[in-house]
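Dear colleague,

I am passing this structure on to you, and the sequence and coordinates follow directly below. After them I describe what was found, moving between the sheet, the helices and the chain as a whole.

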Amino acid sequence: MPGGSVSDGSVRGKSILVTGGGSGIGRGIAEMLAADGAVVTVVGRNRDRLEAAADEITSGITGGGRVHAAVADITDEDQVVAAVATAVGHTGRLDGVVACAGGSETIGPITQIDSNAWRNTVDLNVNGTMYTFKHAARELVSGGGGSMVAISSIAASNTHRWFGAYGVTKSAVDHLVALAADELGASNVRVNGIRPGLTRTELVALVLDSPELSADYREATPLPRVGEVTDIAELAAFLLGDASTWITGQVINVDGGQMLRRGPDYGSMLEPVFGADGLRGVVAPATEG
Ligand SMILES: NC(=O)c1ccc[n+]([C@@H]2O[C@H](COP(=O)([O-])OP(=O)(O)OC[C@H]3O[C@@H](n4cnc5c(N)ncnc54)[C@H](O)[C@@H]3O)[C@@H](O)[C@H]2O)c1
């Protein structure tokens, strides 16, 4: 048949790097991949938390999958190079990467944006994702192919008031996905993105724990529940596995239909909480891990 044999789509035995894999969505992805038999290397900055997460996940797994830790700050290109080398060191190859580490250091109106926090957000979401893709892609190309996935956000798809730094940088991530897919297709490297809607993690506990804000969330979400990390992990595993080998250059919303309604209006949701100037400091401190 065209395209070769039918696959079960599994990631079993594949070597996969997950940045931000010590917490939240990245951890959920690492857990699901390892449960499906992958050898996962999680990347984060805090050695103790990262190693604890890797050990905890591995100890709960029976099917041959496992999780290793590679301490690195993805805004430092040399550290990304070392993390990729660590992943390759475990199995002799790399088959996939999930660029999940990300966040925002500032929310609030454009007139109040803290320029340092803006630059740090560009550094994390844009430069960090670029370094991750650049150095993972070199391994995938030399190994004959593979799959790269970026965790973007629905904030990339249209404006979310007060989330300028986040939305602008996640739009850049989407562009990077398209560019890399175009350039690397000939090397059998596929590149796709996932745009989560609000998903239950520490990062968004503020919203989901507040009765008023979660009412706004429900109003903005056609499907009647909250997004969970497993919702994102299921798609990541599919995009990394062999059932998706004809899919590249796509960015897919996983948001319970929120973008049908343009998502919650974060600006008006958060104004009563933070006041009209927003929060200029570090508000989404990127969970340490
Ligand atoms: N939770 C949501 O509702 C939601 C929605 C849309 C998109 N996202 C995206 O999903 C991704 C994961 O977010 P999360 O909600 O799980 O929050 P999180 O804070 O738990 O995850 C971010 C991870 O990135 C790591 N990280 C941050 N800066 C880093 C750096 N410089 N070097 C290495 N690692 C670093 C953190 O340690 C953490 O493990 C982010 O890219 C975020 O923008 C989340």
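Let me begin with helix H5 (residues 164–184), which lies across E5, E6 and E7 and runs at about 165° to E6. Please keep in mind while reading that this is a predicted model.

The strands that H5 lies across belong to an open sheet of seven strands, whose order is E3-E2-E1-E4-E5-E6-E7 and whose pairing is parallel. At the edges of this sheet are strand E3 (66–71) and strand E7 (251–254), each of which pairs on one side only. Neighbouring strands of the sheet are turned against each other by 20° on average, if direction is ignored. As for the edge strand E7, four bridges join it in parallel to strand E6 (residues 189–196), and within this pairing Gly 193 has Val 251 of E7 as its bridge partner.

Strand E4 (residues 96–99) deserves a closer look. On one side it is joined to strand E1 (residues 15–19) by four bridges, the two strands running parallel, and Val 97 of E4 is the bridge partner of Leu 17. E4 also pairs with strand E5 (residues 146–151), again in the parallel sense and over four bridges, and here Val 97 stands opposite Met 148 of E5. Val 97 thus has a partner in Leu 17 as well as one in Met 148.

Are the residues on the two sides of E4 buried or exposed? In a regular strand, side chains alternate between the two faces of the sheet. In E4, Gly 96 and Val 98 are on one side and Val 97 and Ala 99 on the other, and all of them are buried, so that both faces of the strand are covered.

Turning to the helices, two packed pairs can be described. General practice is to describe two packed helices by the angle between their axes and the distance between the axes. Helix H3 (residues 77–91) packs with helix H4 (residues 115–142) at an angle of about 35°, the axes lying 9 Å apart, and H3 passes H4 in a right-handed crossing. From H3 the contact involves Glu 77, Val 80, Val 81, Val 84 and Val 88, while H4 contributes Tyr 131, Thr 132, His 135, Ala 136 and Glu 139. Sorted by character, the residues of this contact are six nonpolar, two polar and two charged.

The other pair consists of helix H1 (residues 24–35) and helix H2 (residues 47–59), which pack at an angle of about 35° with their axes 10 Å apart, and H1 likewise passes H2 in a right-handed crossing. Here Arg 27, Ala 30, Glu 31 and Ala 34 of H1 meet Ala 53, Ile 57 and Thr 58 of H2, a contact made up of four nonpolar residues, one polar and two charged.

Finally, some words on the protein chain as a whole, which has nine helices and seven strands. Its C-alpha trace spans about 55 × 40 × 40 Å along the principal axes. Because a compact globule of 289 residues would have a radius of gyration near 19 Å, the 18 Å found for this chain agrees with that description. Of the 289 residues, 50% are buried. Among the contacts with a separation of 6 or more, 77% are between residues 24 or more positions apart.

With best wishes

Key:
Residues numbered from 1 in each chain as written. Predicted model: local features only at pLDDT ≥ 70, side-chain atom pairs only at ≥ 80, totals over all residues. Axes fitted to C-alpha atoms, helices over the stretch in contact; angles between N-to-C directions. Left-handed = near helix turned anticlockwise from the far one by under 90°. Contact = placed C-beta atoms within 7 Å. Nonpolar A, V, L, I, M, F, W, Y, C, P; charged D, E, K, R; others polar. Rg over C-alpha atoms; globule rule 2.2 N^0.38 Å. Buried ≥ 20, exposed ≤ 12 C-beta atoms within 10 Å, placed from the backbone. Pairing = 2+ DSSP bridges.
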